[in-house]
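Visitor: I have a few questions about this one. Can you walk me through it?

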Number of protein chains: 2
Amino acid sequence: MKTSVVAVEPTGHFCVDCSVRQFSLCAPLDKSEIREFEQLGRQIQFAPCETVFAQEEMTTSFYNLLEGVMRVYKLLPDGRRQIVGFALPGDFLGMSDTARHGFSADAIGPVSVCRFGKSAFSRFAEDKPHLLRRINELAVHELNQARDHMVLLGRRSAEEKVATFLIGWRDRLDQLRGASASVPLPMSRQDIADYLGLTIETVSRTFTKLEREGVIEIIPGGVCLRDPERAAALAAA
Amino acid sequence: MKTSVVAVEPTGHFCVDCSVRQFSLCAPLDKSEIREFEQLGRQIQFAPCETVFAQEEMTTSFYNLLEGVMRVYKLLPDGRRQIVGFALPGDFLGMSDTARHGFSADAIGPVSVCRFGKSAFSRFAEDKPHLLRRINELAVHELNQARDHMVLLGRRSAEEKVATFLIGWRDRLDQLRGASASVPLPMSRQDIADYLGLTIETVSRTFTKLEREGVIEIIPGGVCLRDPERAAALAAA
DNA sequence: CGGGCGATTGACGGTCATCAAGCTGTGTGG
DNA sequence: CCACACAGCTTGATGACCGTCAATCGCCCG
């Protein structure tokens, strides 16, 4: 088995052993709640590029990402794609305000998730204020990310977009695996383009430009930040 | 006093009389809860263009919009602005995952809001699952809007952006005031531009183009949808 | 009537998309 | 071991869309 992008150890069958517990929505559950919660979820694996759920499908389940990376995206009728986020271990996916999913999610590399039936999950959460508050916290956090992303999409140049993406992605990885100058990029250039509202060619050119300027070094499967300060300056500007 | 964009009657001092109750986060509160809740909030007015709260300010309060329209936006250090949304009566503003506001909000026309102290509000909500669920519902709804907006910003042409904005804005107004072909636009062209990730000139040109094509008619303070189907087609495409 | 602000229109240019080769690395089969 | 294919990425040439700069218009209000 290939090594994962993020250094999270394989999880056992039980929540108590779960490596993403602390990052996850289940963090505030106490011992007896966790045991009950455990009964609701089933761990599932997905192969690279498999779809976990798709836009317009009926929402039957929620998903807690345990291992791997997923892309979360919306499609326009004519096929244009906007990736609204990359999900990492600990992220909770699938909440919707309608009966159907508003977006699709698929595995980038091999992925394992904890899957919960929607109604069972809802019944479980219904009367648990600490869990509901936790869900809120995650939702508000995602909202903030979403708004940052709107600024990026609406108001930044290609170079700023790429730099912002790299810094943001590195920061998220650092939270999971500890700091490092090397930034693995498991997603394709096309994924990055669709995340940044650019074309694959522009992304590629911008990477090359940043490399020529000594900001990054392009290595197989990712980049290495040679001048993190310059990159951060571009991202902040 | 000028007539408001949205046909919501002036609110009294008391929640029971509140015209936006049903749209608002306080919808699920029962009679005795509402009386307690009433004590936490204070109704405040803002003049056109006044700032209700600003990015980076400490978060001391949350706001429930009662009347008027607000723009909610983020600024980059160099002054570029991205409007992340327009708020209408019933919208709840100010939640943040940090101690400071991540964005600014100001009144477009005259505005009245219900203001809640953050800690008092949090204490009140803390152990009320039905209220927490309601807050979740609102957050998930906003998240969906945010993701739709990302698609718009990242993957749509100027013409599609403007059409999508008009249709979306009309739909929101219709929910509050009932259907109508006329679409009041209380915000400036600059606001629209900053919402759509365009410049004011492009917005203006696109309005003119849509008018020439017979899709809309530009009237003082707004537009009239002459061919809603064509507009909707542009918005969906 | 004149000042001022927001909106519109025009001319021009830059950034990024499009179209089209070429490149690189990886896996496959002779 | 090398030829080959294939997919993903890079690079180049060209052009469109939209941003920039600047002038003008229209309207409100003094």
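Guide: We will go through the protein contact, then the DNA strands. Keep in mind that this is a predicted model.

Visitor: Start with the protein. How many residues does each chain put into the contact?

Guide: Chain A gives 42 residues and chain B gives 42 residues.

Visitor: And how much area do the two chains bury between them?

Guide: About 4,000 Å². Carbon and sulfur atoms carry 60% of that. On the chain A side, R147(A), M150(A) and R155(A) supply 19% of the area buried against chain B, more than any other three residues.

Visitor: How are the two chains related?

Guide: A rotation of 180 degrees, with 0.0 Å of shift along its axis, puts chain A onto chain B. The RMSD is 0.0 Å. That is the relation of a two-fold axis. The same surface serves both copies, as 100% of the contact residues of chain A recur in chain B.

Visitor: Polar side of things. How many salt bridges cross the interface of chain A and chain B?

Guide: The rule finds 8 salt bridges there. Across that interface there are also 22 residue pairs in polar contact, with both residues at pLDDT 80 or more.

Visitor: Which elements of chain A build its side of the contact?

Guide: β5 (81-87), α3 (129-155) and α5 (189-196) of chain A each supply at least two residues. α3(A) gives the most, with 20 residues. By class, that side of chain A has 19 nonpolar, 9 polar and 14 charged residues.

Visitor: Back to the salt bridges. What does R147(A) pair with?

Guide: R147(A) forms a salt bridge with E142(B), with the closest N and O atoms 3.3 Å apart. R147(A) sits in helix α3 of chain A and E142(B) in helix α3 of chain B, so the pair joins two chains. R147(B) likewise forms a salt bridge with E142(A), its closest N and O atoms being 3.3 Å apart.

Visitor: And how many salt bridges over all chains?

Guide: The structure holds 34.

Visitor: On to the DNA. Which residues come nearest to strand C?

Guide: T202(A), R189(B), S204(B), R205(B) and T208(B), out of 14 residues around DNA strand C. Of the strand C atoms that come within 4 Å of the protein, sugar and phosphate account for 62%.

Visitor: Give me some atom-level contacts on that strand.

Guide: The side chain of T202(A) has an N or O atom 2.4 Å from a phosphate oxygen of DNA strand C. A158(A) uses its backbone: an N or O atom there lies 2.9 Å from a phosphate oxygen of strand C. R205(A) reaches a base, with a side-chain N or O atom 2.8 Å from a base oxygen of DNA strand C.

Visitor: Which element gives the most to the surface near strand C?

Guide: α6(B), with 4 residues. By class, the surface near DNA strand C has 2 nonpolar, 7 polar and 5 charged residues.

Visitor: Now strand D. Which residues come nearest there?

Guide: R189(A), S204(A), R205(A), T208(A) and T202(B), of the 14 residues around DNA strand D. α6(A) gives the most to the surface near this strand, with 4 residues.

Visitor: What touches phosphate, and what touches a base?

Guide: For phosphate, T202(B) has a polar side-chain atom 2.4 Å from a phosphate oxygen of DNA strand D. S204(A) has one 2.6 Å from a phosphate oxygen of strand D. For a base, E201(B) has a side-chain N or O atom 2.9 Å from a base nitrogen of DNA strand D.

Key:
Residues are numbered from 1 along each chain as its sequence is written. Chains are lettered from A and ligands numbered from 1 in the order in which they are written. This is a predicted model: local features need pLDDT of at least 70, side-chain atom pairs count only at pLDDT 80 or more; totals for chains, interfaces and linings use all residues. Side-chain values use heavy atoms; hydrogens and water are left out. Contact means heavy atoms within 4.5 Å. Buried area is the accessible area (1.4 Å probe) that two parts lose on being put together, summed over both. A salt bridge is a side-chain nitrogen of Lys or Arg within 4 Å of a carboxyl oxygen of Asp or Glu. A polar contact is a pair of N or O atoms within 3.5 Å; within protein, one must be able to donate a hydrogen and the other to accept it, and residues adjacent in sequence count only if both atoms are side-chain atoms. Ala, Val, Leu, Ile, Met, Phe, Trp, Tyr, Cys and Pro count as nonpolar, Asp, Glu, Lys and Arg as charged, and the others, Gly among them, as polar. Copies are superposed by least squares on the C-alpha atoms of residues with pLDDT of at least 70 in both. A residue is near a molecule or strand if one of its heavy atoms lies within 4 Å of it.
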